[in-house]
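Hi,

Here is the structure I promised to send you. Have a look at it first, and then read on for what turned up in it.

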Amino acid sequence: MTVQTREQKRLRRRRRVRAKVVGTAARPRLSVRRSNRGIFAQLIDDEAGRTVASAQWTESGVRNLKRLEQATRVGALLAERAKAAGVERAVFDRGGYRYHGRVKALAEGAREAGLAI
């Protein structure tokens with residue numbers, strides 16, 4: 001019996017989620033990356049292999065907020081940039097993280113700004 005670290009368990013969940021979630025040009029994949037300090041998100045067209053839009057916690061106006069507020073603001077920024085790129089809908093790839101806390105706040109922030117997830 002092998003012992004897995006927290007990160008190894010997350011990567012197994014991530015692969016399981018990614019096997020089911022594929023982004024297209026009409027409905028790109030909203031990919032989330034979380035760190036201890038902040039959160040990153042991007043819309044990815046997997047068919048073309050390109051990033052449509054992205055947002056992260058290091059941007060001005062986001063950096064000095066609390067973590068949950070950061071996540072909500074990053075989701076809203078991403079939704080605004082997606083609309084500018086002509087994207088109205090996306091599929092959510094939580095990256096192996098639980099749909100809770102900052103990951104949930106990011107998704108809700110994007111929904112409130114008008115991105116259909």
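A hairpin of four residues links β1 to β2. This is a predicted model, so please keep that in mind as you read on. The two strands, β1 at residues 29-34 and β2 at residues 39-45, pair in the antiparallel sense over six bridges. If you want a place to start on screen, find L30 in β1 and L43 in β2, which are bridge partners.

β1 has another neighbour too. Strand β4, residues 91-93, pairs with β1 in the parallel sense, over three bridges. Here S31 stands opposite D93 of β4. As a general point to remember when you look at side chains, those of a regular strand alternate between the two faces of the sheet.

Next, the pockets. Which residues lie nearest the centre of the largest pocket? They are R6, R10, R13, R34 and Y97, out of 13 lining residues. The elements that give two or more residues to this lining are α1 (6-18) and β1. α1 gives the most, with five residues. The volume of the largest pocket is about 340 Å³. Its lining is made up of nine charged residues, three polar ones and one nonpolar one.

The second largest pocket holds about 230 Å³ of space. It is lined by 16 residues, and R14, S31, V32, R33 and Q42 are the closest to its centre. You have already met S31, opposite D93 in β4. Four elements each give two or more residues to this second lining: α1, β1, β2 and β3 (50-56). The largest share comes from β1, with four residues. By class, you will find six charged, five polar and five nonpolar residues in this lining.

Finally, take a look at the helices. How do α2 and α3 cross, left-handed or right-handed? The crossing is right-handed. Helix α2 covers residues 67-84 and helix α3 residues 102-112; their axes come within 7 Å, at an angle of roughly 35 degrees. On the α2 side the contact is made by R67, L68, A71, T72, V74, G75, A76 and A79, while α3 brings R102, A105, L106, G109 and A110. Sorted by class, this contact has eight nonpolar, three polar and two charged residues.

Enjoy exploring, and write back with any questions.

Best wishes

Notes
Residues are numbered from 1 along each chain as its sequence is written. This is a predicted model: local features need pLDDT of at least 70, side-chain atom pairs count only at pLDDT 80 or more; totals for chains, interfaces and linings use all residues. Side-chain values use heavy atoms; hydrogens and water are left out. Two strands pair if DSSP finds at least two bridges between them. On a 1 Å grid over the protein atoms alone, a cavity is a set of points where a 1.4 Å probe fits but cannot get out, and a pocket is an open set with protein on both sides within 12 Å along at least five of seven lines; lining residues have an atom within 4 Å of a point. Grid points are joined across faces, edges and corners, and a volume is the space filled by probe spheres set on the points. Ala, Val, Leu, Ile, Met, Phe, Trp, Tyr, Cys and Pro count as nonpolar, Asp, Glu, Lys and Arg as charged, and the others, Gly among them, as polar. Axes are lines fitted to C-alpha atoms, for helices over the stretch in contact, and angles run from 0 to 180 degrees between N-to-C directions. A crossing is left-handed if the near helix is turned anticlockwise from the far one by less than a right angle, and right-handed if clockwise. Contact means heavy atoms within 4.5 Å.
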